[in-house]
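Reader: I have not seen this structure before. Please take me through it, and let me ask how each label is earned.

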Amino acid sequence: MLLSEVVSVKSVAHVYEEITDGARDRHLRTRVNVVEALQEFWQMKAQRGTELRNGALVIYESVPSSAPPYVCYVTLPGGSCFGSFQNCPTKAEARRSAAKIALMNSVFNEHPSRRISDEFIEKAVTDARAQFKGDPGEADSPSTGIGAFRFMLETNKGRTMLEFQELMTVFQLLHWNGSLKAMRERQCSRQEVVAHYSHRALDDDMRSQMALDWIAREQENTGVIARELGQSERELEAARLAGRELRFPKEKKDILMLACSQLSPSPLDP
């Protein structure tokens, strides 16, 4: 994914050693508390003036299970989400695994190459145009998808990739939910949509509205939520095991589960 580069699982051991100050003693490395280190990292960023909409609290969510392997997700203050990527025999180990990949990405995000610059924008737009085989002039027209993409990048110049991730997740969800198509049918320009949602947080109100949209679809086409939920769960699992950022597939699953909870009887019931 063009704007969701993360540290690969193959580099976990190398980056982890750097985070733990390259400690040579194996027993010393195993004693490093990555959960505390992750929280301290974001508290330090807040103290240095980084604006964090929901504060510096790192949030963990364990997946209910009565037997291993256990799974845990961690959501960072900026909105990005990561999950345990190892086979974890305990809930505590699952939390440490999630904290480890989140800490590596948090540290990596501080590198200058992760900040949106003029050079980054030009490369990203060029890559997007090549991927979708767009005309060169499309990048300068706000009425096109690539033009809107450039507009989003330029309005977020100076931000890091993790800071930009929540905005990207909002638009991914709007596209998945069919909201962008509905807005185009109402003659809303791409630039108007981008300008409006660039200042809109992904919150419970937005999730609830999307859940209502899926409930309406379920009433017209029984089973659509179950099928979409199964697809979302597979995407989430694949991304988690690969050590990738998870916010988009996890939000899809959560929105669909919210829709299920409001249906009676549930479409998932046999």
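**How the labels are earned**

Author: Start with a pair of strands. This is a predicted model. Strand β2, residues 72–75, pairs with β3 in the antiparallel sense, over three bridges.

Reader: Why are β2 and β3 called paired strands?

Author: Pairing needs at least two bridges between the strands. β2 and β3 have three bridges, so they count as paired. Thr-75 has its bridge partner in β3, namely Cys-81.

Reader: Which sheet do the strands form, and in what order?

Author: The sheet is open and has three strands, in the order β1-β2-β3, with antiparallel pairing. What makes β1 (59–62) and β3 (81–83) edge strands is that each pairs on one side only. From one strand to the next, the twist averages 20 degrees.

Reader: Now the charges. How many salt bridges does the structure hold?

Author: It holds 13. One of them joins the side chains of Lys-45 and Glu-110.

Reader: How do you know that Lys-45 and Glu-110 form a salt bridge?

Author: The N to O distance is 2.9 Å. The cut-off is within 4 Å, so the pair qualifies.

Reader: What does the bridge between Lys-45 and Glu-110 tie together?

Author: Lys-45 lies in helix α3 (residues 34–47), while Glu-110 is in the loop between α4 (91–108) and α5 (118–132). The pair therefore ties together parts that are 65 residues apart in sequence.

Reader: Why is Lys-45 called buried?

Author: Its relative accessibility is 13%. Buried means under 20%, so Lys-45 counts as buried.

Reader: And what makes Glu-110 partly exposed?

Author: Glu-110 has a relative accessible area of 36%. Partly exposed covers the values between 20% and 50%, so the label fits.

Reader: Which salt bridge pairs lie within helix α12?

Author: Among them are Glu-251 with Arg-247 and Lys-250 with Asp-254. Helix α12 covers residues 247–261, and Glu-251 and Arg-247 are four residues apart there, about one turn of the helix. Lys-250 and Asp-254 are also four residues apart in α12.

Reader: How do you know that Lys-250 and Asp-254 form a salt bridge?

Author: Their closest N and O atoms are 3.0 Å apart. That is within 4 Å, so the pair qualifies.

Reader: Are these four residues buried or exposed?

Author: Both Glu-251 and Arg-247 are buried. Lys-250, at 9%, is under 20% and so is buried. Asp-254, at 30%, is partly exposed.

Reader: Which residues are linked in a network of salt bridges?

Author: Asp-204, Arg-207, Arg-247 and Glu-251 are linked in this way.

Terms used: Residues numbered from 1 in each chain as written. Predicted model: local features only at pLDDT ≥ 70, side-chain atom pairs only at ≥ 80, totals over all residues. Heavy atoms only, no water. Helix = DSSP H or I, 4+ residues; strand = E, 2+ residues; numbered from the N terminus. Axes fitted to C-alpha atoms, helices over the stretch in contact; angles between N-to-C directions. Buried < 20%, exposed > 50% of the residue type's maximum accessible area, 1.4 Å probe, protein only.
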